[in-house]
Amino acid sequence: MLLDPKTGQMIQMGLFDVWQSEDEAERMVRFLEEAPEGAIGAFAVADEASVNLTAELVRELHGFGLAERTFIHRQPALFGLHFSFAAIGVKGASPGTALQAWSPGVFDGCPGHPVTCGVLRP
């Protein structure tokens, strides 16, 4: 979801099944490329988005301030294998400045669980 930084109103929303195919990753790249500079991006992954994650999509997510802060096979990654994920970033921000949260791989005997990122206005 993309939000206007001044009003907080939704500019555009998109749903992408990056687990399904690289075509979905490419469609998400186009969506993020078209986002206006300064737009707030709210991102969520339920279960798995690392399988078809392309270098182009990683580049676009970095452009919203997201960074590799989890690991897959001891290598830095944006998304974990079967991890729920949420992030809030701003288009044009430096990588590492977005709010990001991951669920563990297993919680209370169940694989994955929802996570939430939020910003409270003063």
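**View A. Arg27 and its salt bridge in helix α1**. Arg27 is partly exposed in this predicted model, with a relative accessible area of 34%. Its side chain meets that of Glu24 in a salt bridge. The N to O distance is 3.0 Å. Glu24 counts as buried, because its relative accessibility of 14% falls under the 20% limit. The two residues sit 3 positions apart in helix α1, so about one helical turn separates them. Side chains of opposite charge can pair when their charged atoms come close.

**View B. A salt bridge between helix α1 and helix α2**. Glu33 forms a salt bridge with Arg59. Their closest N and O atoms are 3.4 Å apart. The pair links distant parts of the chain. Glu33 belongs to helix α1 and Arg59 to helix α2, with their positions 26 residues apart. Glu33 is partly exposed, at a relative accessible area of 42%. Arg59 is also partly exposed, at 43% relative accessibility.

**View C. The network of Glu33, Arg59 and Glu60**. Salt bridges link these three residues, Glu33, Arg59 and Glu60, in a network. Arg59 takes part in the contact with Glu33 and in another with Glu60. For Glu60 and Arg59, the closest N and O atoms are 3.2 Å apart. Glu60 has 12% relative accessibility. That value is under 20%, so Glu60 counts as buried. Arg59, by contrast, is partly exposed, as is Glu33. The model's salt bridge count comes to 3.

**View D. A negative patch on the surface**. Glu22, Asp23, Glu26 and Glu56 gather here in a patch of negative charge. Helix α1, residues 22-33, supplies the largest share, with 3 residues. Glu56 lies in helix α2, which covers residues 55-62. Glu56 counts as partly exposed, at 41% relative accessibility.

**View E. The open sheet and its edges**. The sheet has 5 strands. Their order is β2-β1-β3-β6-β7, and the pairing is antiparallel. Strands β2 (10-12) and β7 (99-102) stand at the edges. Each has a single partner strand, so one side of each is left without a neighbour in the sheet.

**View F. The pairing of β3 with β6**. Strand β3 spans residues 40-45, and strand β6 spans residues 85-90. The two strands run antiparallel. They are joined by 6 bridges. Ala42 stands opposite Ile88 in β6. In the order of the sheet, β2-β1-β3-β6-β7, these strands are listed side by side.

**View G. The whole chain as context for the close-ups**. The secondary structure comes to 2 helices and 9 strands. Along the sequence, the pattern reads β-β-α-β-α-β-β-β-β-β-β. The chain has 122 residues, of which 39% count as buried. Glu24 and Glu60 are among the buried residues. Both helices appear in the views above: α1 holds Glu24 and Arg27, and α2 holds Glu56.

Key:
Residues are numbered from 1 along each chain as its sequence is written. This is a predicted model: local features need pLDDT of at least 70, side-chain atom pairs count only at pLDDT 80 or more; totals for chains, interfaces and linings use all residues. Side-chain values use heavy atoms; hydrogens and water are left out. Patches are made of residues with over 30% relative accessible area and no salt bridge: like charges are joined within 9 Å, nonpolar side chains (Val, Leu, Ile, Met, Phe, Trp, Tyr) within 5 Å. Accessible areas come from the Shrake-Rupley method with a 1.4 Å probe; for residues, only the protein chains shown count as cover. A salt bridge is a side-chain nitrogen of Lys or Arg within 4 Å of a carboxyl oxygen of Asp or Glu. Lys and Arg count as positive and Asp and Glu as negative; His and the chain ends are not counted. The place of a charge is taken as NZ of Lys, CZ of Arg, CG of Asp or CD of Glu. Helices (H or I, at least four residues) and strands (E, at least two) are DSSP runs, numbered from the N terminus. Buried means under 20% relative accessible area, exposed over 50%, partly exposed in between (1.4 Å probe, protein chains only). Two strands pair if DSSP finds at least two bridges between them.
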